[in-house]
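Please look over the sequence and the structure shown below before reading on. The report that comes after them is meant for someone meeting this chain for the first time.

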Amino acid sequence: MSASSEKKRRQAEREQGIDKKATAQREAEEKKQQSKRRWTIGTILIVLLLVSIFVLNSTLPYHLTAVTVNGTSYSAGEMNYFYSNVYSQYGYYMSMMGVSADDVMDESTGETWGEYIKEAAVNNVTQIEGLYQEAVANGFTLSDEGRTSVEEYIASLPDYAENYGYSSVKKFLKAAYGTGVTEGMLEELALKQQLVSEYTQSIQDGFTYTNTELADYYAEHEAEYKTYDFLYYTVTAETEETTDDAGETVTTVVEGGLEAAKEAADTIAAGAVSEEAFDEAIDAWMEGETSDASTGVTESSINELYRDWVTASDRVAGDVTVVGDDSGYTVVMYQGCEDQRYPEVAVRHILIKTEDTDGDGTYSDAEKAEALSRIQEVEKAWNASAKTEDAFAELANEYSEDAGSNTTGGLYEGIYKGEMVTEFNDFCFAEGRQPGDTGIVYGQSSSYEGYHLIYFVGTGELHSNELARDALVSAAYSDWQSQVLENYSADTKFGMKLVG
């Protein structure tokens, strides 16, 4: 009420004979009501503030629907699970590039990394839900083994939490998968994914092909599968920096630089009568340098500069050529090619790892000798046995330190060339190798060093057939999945704003 209105009201009251006491009582009552209203509004604001604090610090908002796929709803918490799975595929590369989810990934559209990952997560859940509904509609059920594997994983969550330094499973799940992911939710999603995995595998297993079909496919695509081995060395022409008319610094080949590079390359090529001589010729031209090796590369991976030369049908081991461009000349020595029409092999093995007992990060001769002594003791036990495949399998289960095979008798099947470490591979594919042959080889990789006692089981299917089957099954499955998922689509809801 304005001051002038208040003055007029009081004047009117006096004219009507209202006494001062009554006026004072009315004014006091009005102040009381105003105070009550202010208190009520303040209380409401405090309550709203407390509620907002509670909501922001709880998982309640993550129950909101984020995505629906053909009527099935996925909450923000569930979508955080799928988001984290996609993010794990890109996180390493993002960290290497120094970018975060808020950084722009596509300058042309302005799409951020986070938006891209969200989109991929939505596509992922659409695919899973579509395939899940398809499996259920066809009466497919989860195997006992699949259910058990999921249950065992859920039961191990407390151990995961402890190992990673979290005081509870709840905190571990939040760190691993995002806010809103609960133990029950994780189990439900894992069971759904396991069923989808088994169902899609059954679909793929249903695509079968005859040996003739496999052979025909491989023959048609042979160039894509054949691999090549060769050595190469590039003599780069000398360059200098100059300034162009616009004042920009440019790098150009010095006068006579290409001619000098060609002369050096020709000299190296003339001396490359063997792999050893090739490196000696390079060292004579540039002390300390040697050739680079390309082993087991497909045609598409070979430099265009010498691709046609390397893949020529009349190429033989030891052939040498010199090819050039406007930056220099490259010397190439052909070593051979690998046709994939060879049988894969099966072996059993027993691994005894070399131990870094002094903790210096290397394996000394003494540490290697200790591992050799241990594998030789196993070999003695083998020689004292019935020397059957079953006897070897029993020894593998008892002594092998290869966690991937020491419960299956040390068995590896379907081994193809180049799959195993060099020494292991050489034993498997040695010319004249026969079932029952055994031998000790030293193997090493980035994850271990140690001795293998290997038992050669025998040969299997042609590797070319396996390659053809994989390609045909992949194409057939892709067509099948595309047809199934044509009927499924996702709608994003408000809860998607909480994801990520």
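The text below goes from the chain as a whole to its aromatic rings, its charges over rings, a few polar side chains, its cysteines and its unusual backbone angles.

**The chain as a whole**

The model is a predicted one, and its chain holds 17 helices and 15 strands. Of the 500 residues in the chain, 35% are buried. The surface that the chain exposes comes to about 29600 Å², and carbon and sulfur atoms supply 48% of that area. When contacts between residues at least 6 apart in sequence are considered, 65% of them join residues at least 24 apart.

**Aromatic rings**

The count of aromatic pairs in the model comes to 24. One of these pairs is formed by Y218 and Y225, whose ring centres are 5.6 Å apart and whose planes meet at 20 degrees, so the pair is stacked, the cut-off for stacking being under 30 degrees. Both Y218 and Y225 are buried. Another pair is formed by Y232 and Y306, with ring centres 6.3 Å apart and planes at 35 degrees, so this pair is tilted. Y232 belongs to strand β5 (residues 227-236), while Y306 belongs to the loop between β8 (292-298) and α13 (307-310), so the pair ties together parts that are 74 residues apart in sequence. The two residues also differ in their burial class, since Y232 is partly exposed with a relative accessible area of 21%, whereas Y306 is buried with a relative accessible area of 7%. Elsewhere, ring pairs link Y153, Y160, Y164, Y166 and F172 into a cluster.

**Charges over rings**

Two further rings have a charged side chain over them. The charged end of K192 sits over the ring of Y132, at 4.7 Å from the ring centre, and R433 lies over the face of F427, at 3.9 Å from the centre of that ring.

**Three polar side chains**

T330 is found in strand β10, which covers residues 328-338, and T330 is buried, with a relative accessible area of 6%. Beyond the residues up to four places away in sequence, T330 touches Y232, Y233, T234, L305, Y306, T321, V322 and V323, a list that includes Y232 and Y306, the two members of the tilted pair. With T234, T330 makes a polar contact from side chain to side chain.

S75 has its place in strand β2 (residues 72-75), where S75 counts as buried at 11% relative accessibility. Apart from residues up to four places away in sequence, S75 touches Y62, H63, L64, T65, A66 and M185, and the side chain of S75 reaches the backbone oxygen of Y62.

N406 is found in the loop between α15 (389-399) and β12 (411-415). Leaving aside neighbours within four places in sequence, N406 is in contact with A396, N397, S400 and E401, and the side chain of N406 reaches the backbone oxygen of S400. N406 and R348 are 58 residues apart in sequence, and their C-alpha atoms are 9.8 Å apart in space.

The polar contacts of these side chains have the following distances.

| Side chain | Partner | Distance |
|---|---|---|
| T330 | T234, side chain | 2.8 Å |
| S75 | Y62, backbone oxygen | 3.5 Å |
| N406 | S400, backbone oxygen | 3.2 Å |

**Cysteines**

How many disulfides does the model contain? The count comes to zero. A disulfide is a covalent bond between the sulfur atoms of two cysteines. Among the cysteines of the chain, C337 counts as partly exposed at 39% relative accessibility, whereas C428 counts as buried at 2%.

**Backbone angles**

Most residues other than glycine have a negative phi. N70 has a positive phi, near 50 degrees, and is not a glycine; N70 lies in the loop between β1 (65-69) and β2 and counts as partly exposed at 38% relative accessibility. K387, which is not a glycine either, has a positive phi of about 60 degrees. K387 lies in the loop between α14 (365-383) and α15, and K387 counts as partly exposed at 45% relative accessibility.

Definitions and conventions
Residues numbered from 1 in each chain as written. Predicted model: local features only at pLDDT ≥ 70, side-chain atom pairs only at ≥ 80, totals over all residues. Heavy atoms only, no water. Phe/Tyr/Trp six-rings, centres within 6.5 Å; stacked < 30°, edge-to-face > 60°. Buried < 20%, exposed > 50% of the residue type's maximum accessible area, 1.4 Å probe, protein only. Helix = DSSP H or I, 4+ residues; strand = E, 2+ residues; numbered from the N terminus. Lys NZ or Arg CZ within 6 Å of the ring centre and 35° of its normal. Polar contact = N/O pair within 3.5 Å; in protein donor to acceptor, adjacent residues only side chain to side chain. Contact = heavy atoms within 4.5 Å. Areas by Shrake-Rupley, 256 points an atom, 1.4 Å probe, with all protein chains shown as cover. Disulfide = S-S within 2.5 Å.
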